[in-house]
Amino acid sequence: MAGGTEQLCHRHNKRNKFYVDIRCHPQTIAVVQTRAKYTGINVELKLPHEMDFSGKDVSGVLFQYPDTEGKVEDFTSLVDQAHQNGSLACCATDLLALCILRPPGEFGVDVALGNSQRFGVPLGYGGPHAAFFAVKENLVRMMPGRMVGVTRDANGKEVYRLALQTREQHIRRDKATSNICTAQALLANMAAMFGVYHGANGLKYIAKRVHNATLILAEGLKRAGHQLQHDLYFDTLKIQCGCDIEEVLQRAAQRQINFRIYSDGTLGVSLDETVNEKDLDDLLWIFGCESSAELVAENMDEETKGIFATQFKRTSTFLTHQVFNSYHSETNIVRYMKRLENKDISLVHSMIPLGSCTMKLNSSSELMPITWKEFANIHPFVPLDQSQGYQQLFKELEKDLCEITGYDKISFQPNSGAQGEYAGLAAIKAYLNAKGEWQRSVCLIPKSAHGTNPASAQMAGMKIQPIEVDKNGSIDVSHLKAMVDKHKENLAAIMITYPSTNGVFEEQISDVCDLIHKHGGQVYLDGANMNAQVGLCRPGDYGSDVSHLNLHKTFCIPHGGGGPGMGPIGVKMHLAPFLPSHPVVVSPHDAHSSSLGTISAAPWGSSSILPISWVYIKMMGGKGLKHASEIAILNANYMAKRLENHYKILFRGSKGYVAHEFILDTRPFKKTANIEAVDVAKRLQDYGFHAPTMSWPVAGTLMIEPTESEDKAELDRFCDAMISIRQEVADIEEGRMDARVNPLKMAPHTLACLAAPNWDRPYSREVAAFPLPFVKPESKFWPTIARIDDIYGDQHLICTCPPMEVYESPFAEQKRASS
């Protein structure tokens, strides 16, 4: 999120200079510098006393609290100085530290960001982890990514939903607030449940335990003749050894403990809540301290209170809402999570036909390895000789993905498809710049492309030229040729999706690639629809130079309600020197590269979910992978055939077939029955199905992708539901059903609605909740909220937790009345 911070500051005040405190983590600095390189923002690394805001040309400043060396210091004057000159103050911070440390918001910070990994999420050799990004209220609408907001449903019930989609890429395209598509929703929920289970008191206890262990270690080190570089810290010490550093490192190796080794010859040690008394004894022995942790603690005086004896001690309350104060036993937290889970429709209920999402089976055997401690409990910056298993996995997965795609090299650093797009386009830009072709900055993007495409191209410093789409859903070749000719001197790339997002195979794909290459450009092929290609064709063979691969689509990593995802990029050999690098873990590739920079804080992105794709490929084999692609295409064509007499199939290939997905046109119903795509989508919930992708890539339509995971019986159930809904539309068209109060306009129907004593609708409860024989009471998925009010939600954005009265026992009111 650090890169998003500089973008938000620039968007806020249109200034091009951005200060970064040199004491931020090196990976944070590298990500910010890379992002700035392609967007024209001038990043300057300075210490706070060197920062000059008087020219009123600084968009913002980023500092870290506690900093990369563990130091806690007062940034109040820096924040004030920034504000006096119209600059924003941004703080990278640590959630666990803030449980006992004065929070950034209390000294005026505008943006606080960081990683939620410390709240119960495994290290996982770098991820996946959820970032957090918090802003003052006046900046909310400039935030990157998506937010949960509050609105109300048709029954007046307060409900949650994703808010402010009008800022998103599918609407604003290159003017969106970010290219973020995958959010680490699953990891955010893990961290949230850690907070719910422990509550404020439990988190404070953990933070105090970590801090006290650090104080004990610090005291022992000082007694052993070592010098601490900083007087105030939370969990991290920077140590100037009072003896031979090599001797310390040898002892550390004997105890299998890694230290951070700074370039100035000092050592860094960080502790967490898993550190016990034996670990402290080992650390003290390594540094030559003759006392045990217990003896050191006994001899510490009252003055050694650390943060608690300073102005930095947190005095404000936090997590006061009842949800963080109710579920502190395993019994209760598990029941709470189950109640939440019961509100979600997922693949355990029925197919999820989301077009362009590839919601396929994530088999249990593929998921098992991510629970193993050997994958989960390893730091991303350990020496490479301590991560040989991961290195072998990366090597084999790279080999397999290269064979599948026809590319020569893979980078696993991008954490999502959108991040992969950005990385791939940045590699193209770095390649062109290295050739001295700095002027090449125009990116051609078909109008049917995913909204992240133009947003990513803009982030990579490119100018977007939209390309028209013909009536068959393919690229308009004549318009493409005209635009290539117009921009031939400045052409950098084309971004193309194959099969197209309209659900057809672009028959002229090779000719398009040749045309771009002939005029000095590169071809970026969006890998979102790779599930229709594996084993059948390879992007590297028909002319593409680079693609991202959505491992959470084609290669079976679960979507997790929006994340984790992985978007590694594959490139042809000429782009390999420009792949992402890392400032901390330097791979052999980095030594000979002209890298585009750093995309992610971890060298191999969300490493711990890569075993899922590795297992999937190994279990399927070449024959199985090809068969899966064939079935995915077959399933889509079967469904299109069954539905073609009831809905218009918007696009087909020249031979009348679709690819692995297809678009149903529901726009005519607006005129004939006042029914829109959203009405069909909501009504599908009553039939037990998640909606298809709605109003994208064509407004007012539904895009369906069945994947290879569904059998014919499930495909038929979904088709039967769609045909039944079409009949309901016909009933409105022909006057048999009320135009305003009908099962589509009133959908979805909740259990509360069906169980209400009064039923005044002109259709039966059975039609509402059990519209077809396969929708049975024993297996029915009940929507928990009725139709939501999107307009109200956008006008009342702020996601405040519901007031305490919502959670109060209904008997409390009766009790008060009787008293």
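Colleague: How far apart are the end C-alpha atoms of residues 628-749, and how much of the span is helix and strand?

Modeller: In this predicted model, the two end C-alpha atoms of residues 628-749 are 36 Å apart. Helix makes up 44% of that span and strand 10%.

Colleague: Which UniProt annotation covers 628-749?

Modeller: The UniProt entry, which is unreviewed, labels those residues "domain: Glycine dehydrogenase C-terminal".

Colleague: And what does UniProt have for 385-528?

Modeller: The annotation there is "domain: Aromatic amino acid beta-eliminating lyase/threonine aldolase", again from an unreviewed entry. In the model, residues 385-528 are 44% helix and 17% strand, with 35 Å between the end C-alpha atoms.

Colleague: Where do the domain bounds fall?

Modeller: Domain 1 is 1-145 and domain 2 is 189-309. Domain 3 takes in 407-583 + 596-618, and domain 4 is 666-788.

Colleague: Let's stay with domains 1 and 2. What separates their centres?

Modeller: Taken over C-alpha atoms, the centres of domain 1 and domain 2 are 26 Å apart.

Colleague: How many residues are in contact, and what area is buried between domain 1 and domain 2?

Modeller: On the domain 1 side 19 residues are in contact with 25 residues of domain 2. The buried area is about 1800 Å², and carbon and sulfur atoms give 67% of that.

Colleague: Which three residues supply more of the area domain 1 buries than any other three?

Modeller: Glu 69, Ile 100 and Phe 119. Together they supply 36% of what domain 1 buries against domain 2.

Colleague: How many salt bridges and polar contacts are there across that interface?

Modeller: There are 2 salt bridges between domain 1 and domain 2. Counting residues at pLDDT 80 or more, 6 residue pairs are in polar contact. By class, the side of domain 1 that touches domain 2 has 11 nonpolar, 4 polar and 4 charged residues.

Colleague: What does Lys 238 form a salt bridge with?

Modeller: With Glu 69, where the closest N and O atoms are 3.0 Å apart. Glu 69 is also one of the three residues named above for buried area.

Colleague: Why does that pair tie together parts far along the chain, and where do the two residues lie?

Modeller: Glu 69 sits in the loop between β3 (58-65) and α3 (76-84), while Lys 238 is in strand β10 (residues 236-240), so the salt bridge joins parts 169 residues apart in sequence.

Colleague: How many salt bridges in the whole structure?

Modeller: The search finds 42.

Terms used
Residues are numbered from 1 along each chain as its sequence is written. This is a predicted model: local features need pLDDT of at least 70, side-chain atom pairs count only at pLDDT 80 or more; totals for chains, interfaces and linings use all residues. Side-chain values use heavy atoms; hydrogens and water are left out. Domain bounds come from an automatic or database domain assignment. Contact means heavy atoms within 4.5 Å. Buried area is the accessible area (1.4 Å probe) that two parts lose on being put together, summed over both. A salt bridge is a side-chain nitrogen of Lys or Arg within 4 Å of a carboxyl oxygen of Asp or Glu. A polar contact is a pair of N or O atoms within 3.5 Å; within protein, one must be able to donate a hydrogen and the other to accept it, and residues adjacent in sequence count only if both atoms are side-chain atoms. Ala, Val, Leu, Ile, Met, Phe, Trp, Tyr, Cys and Pro count as nonpolar, Asp, Glu, Lys and Arg as charged, and the others, Gly among them, as polar. UniProt positions are given in the numbering used here, feature names are shortened, and annotations may be inferred rather than shown by experiment. Helices (H or I, at least four residues) and strands (E, at least two) are DSSP runs, numbered from the N terminus.
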